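I opened a fresh page for this chain and set out to look up its charged pairs, its strand pairing and its nonpolar cores. The entries follow in the order in which I worked.

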Amino acid sequence: MKCITAIIKPFKLDDVREALGELGVTGMTVTEVKGFGRQKGHTELYRGAEYNVDFLPKVKLEIIIADDDVERSVEAIINAASSGKIGDGKIFITPVERAIRIRTGEENDSAI
């Protein structure tokens, strides 16, 4: 099993969720986050004063998935989240040692 963590632009969330749903992904965790990378924030104007927005709003998706489905899922996220502009986000893939469904006690692939 693997954990796919994707940091994407908030307005791309529905597209990514739909693309993953078409692959049969049945669950994910979504968190609203703020951060920056090479984009480094931007300057905004508020009531005539300029100020720097250092942390940009993003959405973090976490999906636990079987090893066989990782590449298809990553491709789906890339295709759905890409705008071709700076700040589209990042994807991280990490191994998952064990997963347990609390209600039933099922483990690993049965739990996801």
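**Entry 1: Lys 2 and its partners**

I began with Lys 2, which is partly exposed, with a relative accessible area of 27%. I note for the record that the model is predicted.

I looked up which residue shares a salt bridge with Lys 2, and found Asp 67, at 3.5 Å from N to O. The pair joins distant parts of the chain: Lys 2 is in strand β1 (residues 2-8), Asp 67 is in the loop between β5 (56-65) and α2 (70-81), and 65 residues separate them. Asp 67 has 44% relative accessibility, so I entered Asp 67 as partly exposed.

I then checked the strand partner of Lys 2 and found Ile 65 of β5 opposite.

**Entry 2: Strand pairing**

How many bridges join β1 to β5? I read seven, with the two strands running antiparallel.

I looked at β5 again for strand β2 (residues 29-35), and that pairing is also antiparallel, over seven bridges. Within it, Glu 32 stands opposite Val 59 of β5.

**Entry 3: Other salt bridges**

I looked up the total for the structure, which is six salt bridges. Besides the Lys 2 pair, I wrote down two of them.

Arg 72 meets Asp 69 at 3.2 Å, N to O. Arg 72 is partly exposed at 43% relative accessibility, and Asp 69 is partly exposed at 27%.

Glu 107 meets Arg 98 at 2.9 Å, N to O. Is Arg 98 buried or exposed? I entered Arg 98 as exposed because its relative accessible area is 52%, and the cut-off for that class is over 50%. Glu 107, at 35%, counts as partly exposed.

**Entry 4: Nonpolar cores**

I turned to the largest nonpolar core and found 17 residues in it. Those with the most contacts inside this core are Ile 4, Ile 8, Val 16, Leu 20, Ile 63 and Ile 77. The elements giving two or more residues to it are β1, α1 (13-22), β5 and α2. Of these, α2 gives the most, with six residues.

I followed up Ile 4. Leaving aside neighbours within four places in sequence, I found Ile 4 in contact with residues including Leu 61, Ile 63, Ile 65, Val 70, Val 74, Ile 77, Ile 91 and Phe 92. Glu 62 and Ser 73 are also among the contacts of Ile 4.

I closed with a second, separate core of five residues, among them Cys 3, Val 96, Ala 99 and Ala 111.

Technical notes:
Residues are numbered from 1 along each chain as its sequence is written. This is a predicted model: local features need pLDDT of at least 70, side-chain atom pairs count only at pLDDT 80 or more; totals for chains, interfaces and linings use all residues. Side-chain values use heavy atoms; hydrogens and water are left out. A salt bridge is a side-chain nitrogen of Lys or Arg within 4 Å of a carboxyl oxygen of Asp or Glu. Helices (H or I, at least four residues) and strands (E, at least two) are DSSP runs, numbered from the N terminus. Buried means under 20% relative accessible area, exposed over 50%, partly exposed in between (1.4 Å probe, protein chains only). Two strands pair if DSSP finds at least two bridges between them. A nonpolar core is a set of buried Ala, Val, Leu, Ile, Met, Phe, Trp, Tyr and Cys residues joined through side-chain atoms within 4.5 Å. Contact means heavy atoms within 4.5 Å.
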